[in-house]
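Please open the model in a viewer and keep the sequence panel visible. The stops below are given in the order in which they may be selected.

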Amino acid sequence: MSTVTEFVDVNVPVRTAYNQWTQFEEFPRFMEGVSEIRQLDDTHTHWKTEIAGIKREFDAEITEQLPDERVAWHATDGEKQAGVVTFHRIDDMHTRVTVQMDFDPQGFIETAGDKLGVIDRRVKSDLHRFKEFIESRGGIETGAWRGQVDRPGI
């Protein structure tokens, strides 16, 4: 397994950053290689991606979601991946968004890309585009889901 950890500071309140991140169907607007995400229910999404010419579809489950704090997920089929996005209040108008993702590169292209730091750069670029996206909207999110998903076993 490989791990990527990246962060970006956004010039919006933590509530705004979190609210926008819960709008999964908007991810293709700032995530390179993500062509579509469908929200199936409160805890399940279906993803379509194309990265380096490799098309994939997979389902993911949100395993923990605490408003203004964190969203954790894992793929339920396809490639092995899991991660968490955390939201840290810097002050009233600034938030640090941190993504930590664990994944198992498949095949030569993904393994080489991982070793060359391509995945790290992609996540960093996606976070920068998220910053541009939410800040360009004047700090107004496209929607919000404020429900809570408790970590399994709690």
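**First stop: salt bridges**

Select Glu26 and Arg29, which form a salt bridge whose closest N and O atoms are 2.8 Å apart. A salt bridge here is a side-chain nitrogen of Lys or Arg within 4 Å of a carboxyl oxygen of Asp or Glu. Glu26 is partly exposed, at 21% relative accessible area, whereas Arg29 is exposed, at 52%. For these terms, buried means under 20% relative accessible area, exposed over 50% and partly exposed in between, with a 1.4 Å probe and protein chains only.

Before moving on, please note that this is a predicted model, in which local features need pLDDT of at least 70 and side-chain atom pairs count only at pLDDT 80 or more, while totals for chains, interfaces and linings use all residues. Residues are numbered from 1 along each chain as its sequence is written, and side-chain values use heavy atoms, with hydrogens and water left out.

How many salt bridges does a search of the whole structure find? The search returns 13.

**Second stop: Glu32 and helix H3**

Select Glu32 and Arg129 next; their side chains meet in a salt bridge with an N to O distance of 3.7 Å. This pair links distant parts of the chain, 97 residues apart: Glu32 lies in the loop between helix H1 (14-21) and strand E2 (34-41), and Arg129 lies in helix H3 (residues 118-136). Helices (H or I, at least four residues) and strands (E, at least two) are DSSP runs numbered from the N terminus. Both partners are partly exposed, Glu32 at 41% relative accessibility and Arg129 at 25%.

Remain on helix H3 and select Glu135 and Lys131, another salt bridge, with the closest N and O atoms 2.8 Å apart. These two residues are separated by about one helical turn because they are four residues apart in helix H3. Glu135 is partly exposed, at 27%, but Lys131 is buried, at 18%. Now add Arg122 and Asp126 to Glu32 and Arg129: salt bridges that share partners join these four residues into one network.

**Third stop: strand E4**

Select Arg56, which is located in strand E4 (residues 54-66) and is partly exposed, at 24% relative accessible area. The C-alpha atoms of Arg56 and His128 are separated by 24 Å, with their positions 72 residues apart along the chain.

Finally, select Thr63, also in strand E4. Is Thr63 buried or exposed? Thr63 counts as buried, at 18% relative accessibility. Leaving aside residues up to four places away in sequence, Thr63 touches Ala72, Trp73, His74, Val149, Asp150, Arg151 and Pro152, where contact means heavy atoms within 4.5 Å.
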